[in-house]
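Work through the following exercises with the sequence and the model open beside you. Each task is followed by a solution in steps.

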Amino acid sequence: MANQPKFQAIKGTRDLLPPQTELWNRVEQTAREVFSTFGFGEIRLPIFELTDLFARAVGGETDIVSKEMYSFEDRDHTSVSLRPEATASVCRAYLEHGMQQLPAAVKLYYLGPMFRRERPQKGRYRQFYQIGAEVLGGTDAPGIDAEVIEMVMVFFARLRLEGLQLEINSIGHSARECRRGYVEKLKAALEKIKDQLGEDSRRRIETNPLRVLDSKLESEQAAIANLPRIGDHLCDECAKHYAEVKRQLELRGVAFKENWRLVRGLDYYMRTTFEITARGLGSQNAVCGGGRYDGLMELLGGPPTKGIGFAIGEDRLILSLQEAAKGDVAHGPDVYIAWMGEKTQPAAIAAARRLRNAGFRVELPPTEQKFGKALGQADKLGSRYALILGEDEVASGHWTVKTLADGSQQKYGEAELLEFLRLPRGPAKGQG
Ligand code: HAM
């Protein structure tokens with residue numbers, strides 16, 4: 001057995017290798033295309049920020065901030081942290097660059113790694129990747145909530161991600177009576193069922209009672225099912241907002257399910273919250289989470305500003321695509337150039353250049369190979385075609401193309417060759 005290498009990637013982190021990275025690129029490219037059709041522009045943010053930014057925005061009592069951040073003291077003794085999420089940074093950047101002066105709502109999207117020291121398992125990593133978007137400023141019209149959700153669904157549909165379930169809720173307005181009154185009632189009810197709760201939930205009665213609602217502990221489910229529901233305590237304005245969000249989703253043909261226990265693990269949310277789950281992911285099946293956070297900008301020292309957004313877990317999205325075998329990427333080259341005879345090398349180089357310029361993936365062996373070996377190599381790489389270039393072909397200007405899946409062979413001039421290669425093709429050999 002080979003020796004274990006001396007260094008390995010740190011637990012919860014991983015290398016993404018080809019050909020998988022092709023799928024990652026396709027997903028990211030699709031996000032860029034879809035989001036830009038909805039008027040979003042990309043923001044690129046730092047990977048680390050002052051720890052205090054996350055403590056304030058996400059909440060000091062949340063698991064993310066209290067247990068999962070990678071924080072360290074910088075040389076000037078300030079505490080900085082690898083970002084566990086990006087909404088806080090987007091809001092910081094919005095204020096720092098005076099974007100509140102801009103005439104319309106600001107629509108931004110971002111892609112990149114986030115860091116949380118969670119227990120690694122399938123679909124849960126310590127360095128993971130999010131694709132997120134935020135709408136900042138403007139109004140809190142429910143049509144915005146619905147359009148943001150619609151955009152995620154359009155993106156998923158474009159990727160042919162199946163088995164999706166969208167759940168929505170309203171958790172009321174944090175500055176209004178509805179949330180405060182509800183939390184008091186919830187606390188009182190939780191006190192009464194304390195002995196049916198585990199240690200974490202008991203602690204949360206004081207620190208973060210809403211979070212008890214999204215407990216996944218089997219032993220707590222029966223007790224939680226009977227707790228008071230926020231939907232019965234929304235003030236008139238919040239109830240109206242929520243009803244209109246649902247109507248706006250229906251207008252857009254976006255199917256959803258209401259889940260009164262959907263409170264989310266970050267403190268900045270108010271009113272609309274949502275999550276999307278996908279198939280084939282086991283317990284870590286949330287591929288997207290988001291909601292409205294109209295109070296966050298003030299918490300960061302800015303003026304009252306509306307905000308709503310989401311983040312998609314890209315690792316999970318990719319896993320789900322792979323499980324559904326939709327994520328198959330063409331592995332090998334389109335064309336393997338099997339050239340023979342030293343004098344044909346210039347023609348082979350020129351052919352490779354022309355085919356690559358036309359967008360084909362081309363493998364050009366650096367040294368001459370025997371015919372049999374070249375075809376064997378083309379096959380091993382999973383190439384679709386072998387372009388056979390011998391002295392005869394160069395002299396006649398007609399190239400032999402071998403289709404590796406069925407072994408058929410034809411001769412083409414350059415223009416016909418490009419046309420032939422562009423024809424819609426079935427799967428390459430060895431791919432389903
Ligand atoms: P979040 O629910 O914490 O929300 O994360 C969003 C998504 O990131 C999750 O649904 C999941 O797919 C993925 N994710 C989270 N943690 C991990 C992990 N350890 N490994 C793999 N994937 C993970 C936020 O982060 C908010 N900033 C979303 C938001 C934006 N709300 C408003 N705007």
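**Exercise 1.** In this predicted model, find which residues E314 touches, not counting residues up to four places away in sequence, and determine which side chain of opposite charge is nearest.

*Solution.* Leaving out residues up to four places away in sequence, E314 touches W24, V27, E28, Y129, Q130 and I131. Next, place the residue in its element: E314 lies in helix α11, which covers residues 314-323. Then look for a partner in charge: the nearest side chain of opposite charge belongs to R32, at 8.8 Å, whereas a salt bridge would require a side-chain nitrogen within 4 Å of a carboxyl oxygen. E314 is therefore without a salt bridge, although it is buried.

**Exercise 2.** Decide whether V65 counts as buried or exposed, and establish which residues are in contact with V65 once neighbours within four places in sequence are left aside.

*Solution.* Begin with the location, since V65 sits in helix α3, residues 63-67. The relative accessibility of V65 is 14%, and the limit for buried is under 20%, so V65 counts as buried. With neighbours within four places set aside, the contacts of V65 are F54, A55, V58, G59 and G60. For F54, the separation from V65 is eleven residues in sequence and 6.9 Å from C-alpha to C-alpha.

**Exercise 3.** State how the protein chain is divided into domains and how far apart their C-alpha centres lie.

*Solution.* Domain 1 takes in 20-176 + 235-323, and domain 2 takes in 335-422. Between the C-alpha centres of domain 1 and domain 2 the distance is 48 Å.

Methods
Residues are numbered from 1 along each chain as its sequence is written. This is a predicted model: local features need pLDDT of at least 70, side-chain atom pairs count only at pLDDT 80 or more; totals for chains, interfaces and linings use all residues. Side-chain values use heavy atoms; hydrogens and water are left out. Helices (H or I, at least four residues) and strands (E, at least two) are DSSP runs, numbered from the N terminus. Buried means under 20% relative accessible area, exposed over 50%, partly exposed in between (1.4 Å probe, protein chains only). Contact means heavy atoms within 4.5 Å. Lys and Arg count as positive and Asp and Glu as negative; His and the chain ends are not counted. Domain bounds come from an automatic or database domain assignment.
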